Amino acid sequence: MVAPRVRPRLGRDEWLMGGGLLVLALYLAITLLVPLALMLTKSVQDREGAFVGLANFAQYFTNPALSGAIGNSLWVSALATAITIALAFGYAYALNRSCIPFKGFFRLVAMLPLLAPSLLSAIALVYLFGNQGALKGWLFGESIYGPIGIVIGSVFWTFPHALIIISTALATADARLYEASESLGASRWRTFTVVTLSGARYGLISALFVVFTLVITDFGVPKVVGGQFNMLATDIYKQVVGQQNFQMGAVVSLLLLLPAVLAFFVERWAQRRQISSLSSRAVPYRPKPSPVRDLALLGFVGLVALVILGILGMAAFASFAKLWPYNLSLTLSHYDFSNADGGSWASYGNSIRLALYTAVSGSLVVFVGAYLVEKTRVAKPLRTATHLLALIPMAVPGMVLGLAYIFFFNAPGNPLNFLYGTMAILVLATIAHFYTVSHLTALTALKQLDPEFESVSAALKTPFYRTFWRVTTPMCLPAILDIAIYFFINAMTTVSAVVFLYAPHTTLASVAVLNMDDAGDTAPAAAMAMLIVYTSAGVRLLHAWLSRWLLRRTQAWRLQGR
Amino acid sequence: MKFATVFGVLLLAGVAFAAQARTELIVYTAVEADELAKFKQAIEADHPDLDIKWVRDSTGIITAKLLAEKANPQADVVWGLAVTGLKLLADQGYFQSYAPKGVETLDPQYVDKANPPQWVGQRAWVASLCLNTVEAEKLKLPTPTSWQDLTKPEFKGKVVMPNPNSSGTGFLDVSAWIQMWGEEKAWKYMDGLHENIAQYTHSGSKPCKMAAAGEVPVGISFAYRGAQEKSKGAPVEVIAPKEGVGWDLESFAIVKGTKKLEAAKQLADWSVTRKANELYNEGYAVVAMPGVAKPVPNYPAGIAEKMIKNDFEWAAKHREAVLAEWAKRYDGKSEPKK
């Protein structure tokens, strides 16, 4: 006889959590899936909205002025990625596998580019290597406007992203492998290739694709130093903002989406492999001092850190110089933005507001969402679907998302049309744009908690939301704070999605940098970019202080048993 | 909970905003950013119930934006936009006819012939070259006095010009060359010029700012920008090429269907006053009201005589075709050959 299948009775908790999950799935569908789907349909329509099949694509590919950008984007991104990965690997190797001094300082310096919009590096490059650049001679007569500038600028701002991933991969290693290699008489080079490189291979692959996606979808750097060199990301901007040709913008967006989606899948695959590579019996590897190696690595790391500080320092100096290059006396006049485009100091205020709203509501949505995805015991397909939805933003370039939002929210029949041109749509777009990393951070934190908490509270008939509020949230506070700061800094620095969505009373600081540079006001643009850096740095410091305080107050449980 | 607070604050802000008594006018403009604050202040001083909200970008961008919003216009007034762009929109029935009080005091050649007019001219902005004298000295460059000079080999990679697709200043140059020399000769000239161009910029003032900073020695720009940079102490000379210089007319028009017609008319009335014309004259040498203009410091001598006989009808009608041809010839090429 077949035993009757026991269906667990759905209690109030299950209904509530299932309902919450449904709301979240709908939210993600509206702010992500539907706009993107709508954008795809725009690429096969003409300006009046009639279906034209692949006519737009045909027009794109028969116009060499447009299609030439594909090749340009690919080779420039590939080159920038190769350089970034090589530099970041060396840097991460020195931080994790050597005994160089001042590791904390070097780690800090390497993270600095995260605080600035990508535009900043490009502006600094104009001051460093432009025709009046301080170090113009270093380019041997080549022009910074074009591929050279794009590659250097991209390496600067993607470097910390690569470093974080590779550093994680190099941080843990099994010392037994090194002992084995040594006792088998392998040369140091062979040990390096067979043990070190192969141990970090998934981290490297992951970093490779992350950086490639960042470079090919970035538009700040090519906009400023690209000169007449066309790239896909700048073409979307030119088509949409310059010619209001939204359909062609959609075509280019689709082309940009392809490499990003491919990179996304490879990256996910590599991530999964990376996690399982270390067994529980591994002995952590500890580097031993080696004067020659350490000195060489210190020199390398010092050089990279110097370049990073140099680029930032150049932008800071340019923002104070009265009339570059003829009058270098210092002035604060470039920080008076009222005579330039971009919306003046109001833009800075708007950016702060956007960052705050995004940090608060974003971390709330993401954390509650991740909790529901992780802990709901019913509606498995819905959980999986929601999780997949949350992963999409990683593969969607910001410009594509911004364009999709125009199509969706500005459609006359859409009941959400009232959001168009408001601060709220900027908040929605920014949360959607940076959803994935936040979601994964929250999931990781939740997975660290013992599932017994839920079982116990269920047994005690405590509603799940009380456990969530009294136990889960306090225990995960450091992660929530990390998510908030991630949202805050990205909202301050992002240009790509919001450049299509800001309105006269919601101009943003990062977009102001772009518009001021476009009008030739390079010094005020540098000033505004530096203002963003100072703000992000200040908030980052506050975050560090708050985290430490919280760790002492609420995280004592982590220390037990050590 | 926090979300509710944020939402509440937003809502309150919205209510407070709506409760304001002043009428907010959305005004699309291509007037230079450093002049807008001055105009806003002057307008609001005379009409305290108006609240001017500028939406500023380069001429081509504003024109494209207006075209894209045709079905559902967002602007109440278009103000200080090139008439060649305005006419294109006027022909599509974009504007509300209105004769501002006092429009008869303006020079009739600067006002739409229709009665009542659809658009009213404010002032002319005129092409000029900006030459960085320090860099020219260093590079032993001769001072260019004509457009043809810029195609000489010694200027290879030394000239920056605005992209006419986005910049009104770029378009008025191209339009003037074609009107002066005829299609064939003008495109041949531009082919030659293209060989010497280091970069095409988004905005019409950037070439002059780049020249002022020495980033390139020569910028094809307009007189106001050159004069401003010179006044700020940049080592630039502002030159009006001898063949003649292109110009366009900054003009305004009321968008048909605006919900704020009365306020828009107030702005229109203000814009033809003597006071307004005196303000226009602070930066521009040629204004719509006769007898107002005084010489502007640092403008090239005799620039008014060099202004070409400009056929706006022709320019507006051929704008799209000329821009498409330009883009086909020069936009797609990556770096000009060395």
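**Exercise 1. The contact between the two domains of chain A**

Determine how many residues of domain 1 of chain A are in contact with domain 2 of chain A, and which elements and residue classes form the domain 1 side.

*Solution.*
Step 1. In this predicted model, 13 residues of domain 1 of chain A are in contact with 20 residues of domain 2 of chain A.
Step 2. On the domain 1 side, the elements that give two or more residues are α16 (398-409) and α21 (477-493) of chain A. Of the elements on that side, α16(A) gives the most, with four residues.
Step 3. Sorted by class, the domain 1 side has ten nonpolar and three polar residues, and no charged residues.
Step 4. To place this contact in the chain, note the division of chain A into domain 1 (12-29 + 347-507) and domain 2 (63-326). The C-alpha centres of domain 1 and domain 2 of chain A are 28 Å apart.

**Exercise 2. The overall form of chain A**

Decide how the radius of gyration of chain A compares with the globule rule for 562 residues.

*Solution.*
Step 1. Chain A contains 24 helices and two strands.
Step 2. Its radius of gyration is 25 Å, and the globule rule gives 24 Å for 562 residues; the two are close, so chain A is as compact as a globular protein of that length.
Step 3. The C-alpha trace of chain A spans about 85 × 70 × 45 Å along its principal axes.
Step 4. Of the 562 residues in chain A, 49% are buried. Among contacts in chain A with a separation of 6 or more, 81% are between residues 24 or more positions apart.

**Exercise 3. Helix α13 of chain A**

Test whether the end-to-end distance of helix α13 (residues 291-320) of chain A agrees with its 30 residues, and identify the elements against which its buried residues pack.

*Solution.*
Step 1. At 1.5 Å a residue, the 30 residues of α13(A) should span 44 Å.
Step 2. The end C-alpha atoms of α13(A) are 42 Å apart, which agrees with the expected span.
Step 3. The buried residues of α13(A) include A:Leu297, A:Val301, A:Val304, A:Ile308 and A:Ile311.
Step 4. The buried residues of α13(A) pack against the helices α3 (64-97), α4 (103-111), α5 (118-129), α6 (147-171) and α23 (522-554), and against the strand β1 (321-323), of chain A.

**Exercise 4. The side of chain A that touches chain B**

State how many residues of chain A are in contact with chain B, and which element of chain A gives the most.

*Solution.*
Step 1. Contacts join 36 residues of chain A to 42 residues of chain B.
Step 2. On the chain A side, two or more residues come from each of α3, α11 (232-242) and α14 (344-375) of chain A. The element that gives the most is α14(A), with four residues.
Step 3. By class, the chain A side divides into 17 nonpolar, 16 polar and three charged residues.

**Exercise 5. Strand β8 of chain B**

Establish whether strand β8 (residues 218-222) of chain B is enclosed or open, and describe its pairing with β5(B) and β6(B).

*Solution.*
Step 1. Five of the five residues of β8(B) are buried, so the strand is largely enclosed by the rest of the structure.
Step 2. In a regular strand, side chains alternate between the two faces of the sheet.
Step 3. In β8(B), both faces are covered: B:Val218, B:Ile220 and B:Phe222 are buried on one side, and B:Gly219 and B:Ser221 on the other.
Step 4. Strand β5 (residues 120-132) of chain B pairs with β8(B) in the antiparallel sense over five bridges. Here the bridge partner of B:Ala127 is B:Phe222.
Step 5. Strand β6 (residues 159-162) of chain B runs parallel to β8(B), joined by two bridges. B:Val159 has B:Val218 as its bridge partner.

Definitions and conventions: Residues are numbered from 1 along each chain as its sequence is written. Chains are lettered from A and ligands numbered from 1 in the order in which they are written. This is a predicted model: local features need pLDDT of at least 70, side-chain atom pairs count only at pLDDT 80 or more; totals for chains, interfaces and linings use all residues. The radius of gyration is taken over C-alpha atoms; the globule rule is 2.2 Å times the number of residues to the power 0.38. A residue is buried if 20 or more other C-beta atoms lie within 10 Å of its own, exposed if 12 or fewer, and partly exposed in between; C-beta atoms are placed from the backbone. Two residues are in contact if their C-beta atoms, placed from the backbone, lie within 7 Å. The expected span of a helix is 1.5 Å times one less than its number of residues. Domain bounds come from an automatic or database domain assignment. Ala, Val, Leu, Ile, Met, Phe, Trp, Tyr, Cys and Pro count as nonpolar, Asp, Glu, Lys and Arg as charged, and the others, Gly among them, as polar. Two strands pair if DSSP finds at least two bridges between them.
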